[in-house]
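Subject: A structure for you to look at

Hi there,

Here is the structure I promised to hand over. Could you open it and keep it beside you while you read the notes below?

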Amino acid sequence: MSRSLRTTAASLCLLLLPGLAVARPAPAKKPKVSPNKEAAVASVETHRPDLTGLSDQIWHFAETALRETKSSKALADWAEAQGFRVERGVAGMPTAFIASFGEGAPVIAILGEFDALPGISQKAQPEKEALVPDAPGHGCGHNLFGAASLGAVTAVKELIEAGKLQGTVRFYGTPAEESVGGKLYMVREGLFKDVDVVLAWHPSGEVRADTRSTQALVDFMVEFHGKAAHAAFDPWNGRSAVDAAELFTHGINLMREHVKPTVRMHYVIKDGGDVPNVVPEHAAVWAWVRDTEHASVDELLVRVRKIAQGAALGADVTGELRVQAGDYEMLVNRTGARLLQANLEWLGPVPFTEKDQEFAKLLQRSAGVEEKGLDGSVQPLDENPGLPEGGSTDVADVSWNVPTLHLSVTTAPANTAWHAWPVVACAGTTVGHAGMIYAAKTLAATAVDLFENPGARAAIRKEFDEKTQGITYKGYVPDGPPPVPVGR
């Protein structure tokens, strides 16, 4: 019998002897937690009613990119009421703002978004039904995003105010993530230059400290200008812009065979003429091209420009490709991800209720997917995440300018469609609220770590400096002011 087996057998014999006191192994000690971290989490809980109220307001407002007037105001007003210094209308965007508290270094920032998506309005119920037909909806949960992040900075602000932490905490109210990319304009204005570390989160179907990057993306419009004529009486006098648009999209579709499997290209026809009996003099195609790295996207854009030029030549019209926006891929900071992971594991799973789980399963049934409910468990830190699964964000552009730590938190059941009605429904219920409050607590706890631990900040910065050495950031942001819509 081996030594380990003998020890086990002896232990069993001792346990079986009646009346004999047995020395049992001491329970594992929980890691000591900073009192400030405990206080920050408690603060988020205290503000739960206000935060859920803000989130629900923004859910009902459901305003799209650079039209988030009510949503932005609700968050900025609440921040001001908590004692933050609020600067509104930054970087040329009326709905962008920064709320700050404290003085000097370190400067820790938390990002918040609040824009909705067009055309996916949905009631807060597990069956598909528009709240307002054809209206926008929060199909990515940004109503939760902004409120949670503001709750986290408020918790830290209270600690600075009490003299328990030293430095500056900021909330960046960042509009137009779903299109335009408001953060690019904020980066261009230098609004992140003095920030030590940025924290951000996103609604998801699972809880994790994100180590997987995102896709780089360029957003562009191709416009063609031809010559109108009667389509039956004298079509030879016309030059069809739609012919050029068809040639362009055909060229893009032929190109799909000759790109890497990681590339994604998608487009919509924004203008294809008005009536069939007039040769169209204008056409427009709105397209996005993505890949795992911005260097590849740059190369693809060169090829796409040639296709646009060829399409114009082929149809004997003029054409123009205009870059409108775009995103870099996320620069993952693994040192920071480990800090997030420690706080996720300290907090444990998201405390979804039985009612939340029942709602999620009914929703999954309506969506035609397996009824597994919500997964609030903390995923292990993925040290080898592989290539991005799909999706882009302007948070990535921030990550190339200042170290950025990002986490995902469950606010809807997995395997249901995002940018669609199921996520809108969850974002307006206690399902979304639970994930939102959990995200706020994680962000607040991690921010406390960053204030209290200069060594952690230094290690995060070291990794960032090594990864950006020799790289010059040049975002996909066009010259001129942001495209703020007229009559917001």
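One definition will help with the names: helices (H or I, at least four residues) and strands (E, at least two) are DSSP runs, numbered from the N terminus. With that numbering, N415 sits in the loop between β11 and α12 (421-427). N415 is not a glycine, yet its phi is positive, at about 70°.

Please keep in mind that this is a predicted model. The average pLDDT of the protein is 94, and 93% of the residues score at least 70. Residues 1-24 are a stretch where the pLDDT is below 50, and beyond near neighbours in sequence this stretch has 5 contacts in the model. Where pLDDT is low, the predicted coordinates should not be read in detail.

Now to the sheets. One open sheet is built from 7 strands in the order β1-β2-β4-β3-β5-β11-β6, with mixed pairing. Its edge strands, each pairing on one side only, are β1 (85-88) and β6 (208-209). Within this sheet, β3 (residues 107-112) pairs with β5 (residues 197-204) in the parallel sense over 3 bridges, and I108 has V197 in β5 as its bridge partner. Just before β3 there is a detail worth finding: A105 and P106 are joined by a cis peptide bond, with omega about -5°. P106 belongs to the loop between β2 (97-102) and β3.

A second open sheet has 4 strands in the order β8-β9-β7-β10, and here the pairing is antiparallel. At its edges are β8 (264-271) and β10 (318-327), each of which pairs on one side only. On average, neighbouring strands of this sheet are turned by 20° against each other, direction ignored. Strand β7 (residues 216-225) and β10 run antiparallel and are joined by 9 bridges; D219 has A325 in β10 as its bridge partner.

Which helix lies across β7, β9 and β10? That is α8 (residues 294-315), running at about 10° to β7. The loop between α8 and β10 holds D316, which has a positive phi of about 60° although it is not a glycine.

Back at the 7-strand sheet, helix α13 lies across β3, β4 (168-173), β5 and β11 (404-410), at about 165° to β5. Helix α13 (residues 430-452) also meets α2 (residues 35-46): their axes come within 9 Å and cross at roughly 150°. Angles over 145 degrees count as roughly antiparallel, and α2 and α13 are therefore roughly antiparallel to each other. The crossing of α2 past α13 is right-handed. Among the residues in this contact are A40, V41 and V44 of α2, together with A444, A445 and V448 of α13. By class, the contact of α2 with α13 has 8 nonpolar, 1 polar and 5 charged residues.

Another helix pair to look at is α3 (residues 48-61) and α5 (residues 142-161), which pack at an angle of about 150° with their axes 8 Å apart. These two helices, α3 and α5, are therefore roughly antiparallel as well, and their crossing is right-handed. On the α3 side the contact uses L51, L54, S55, I58 and W59, and on the α5 side N143, L144, A147, L150 and G151. Sorted by class, the contact of α3 with α5 comprises 7 nonpolar and 3 polar residues, with no charged ones.

Enjoy exploring, and write back with any questions!

Best wishes

Conventions:
Residues are numbered from 1 along each chain as its sequence is written. This is a predicted model: local features need pLDDT of at least 70, side-chain atom pairs count only at pLDDT 80 or more; totals for chains, interfaces and linings use all residues. Side-chain values use heavy atoms; hydrogens and water are left out. Axes are lines fitted to C-alpha atoms, for helices over the stretch in contact, and angles run from 0 to 180 degrees between N-to-C directions. Angles under 35 degrees count as roughly parallel, over 145 as roughly antiparallel, 65 to 115 as roughly perpendicular and the rest as oblique. A crossing is left-handed if the near helix is turned anticlockwise from the far one by less than a right angle, and right-handed if clockwise. Contact means heavy atoms within 4.5 Å. Ala, Val, Leu, Ile, Met, Phe, Trp, Tyr, Cys and Pro count as nonpolar, Asp, Glu, Lys and Arg as charged, and the others, Gly among them, as polar. Two strands pair if DSSP finds at least two bridges between them. pLDDT is the predictor's confidence in each residue, from 0 to 100.
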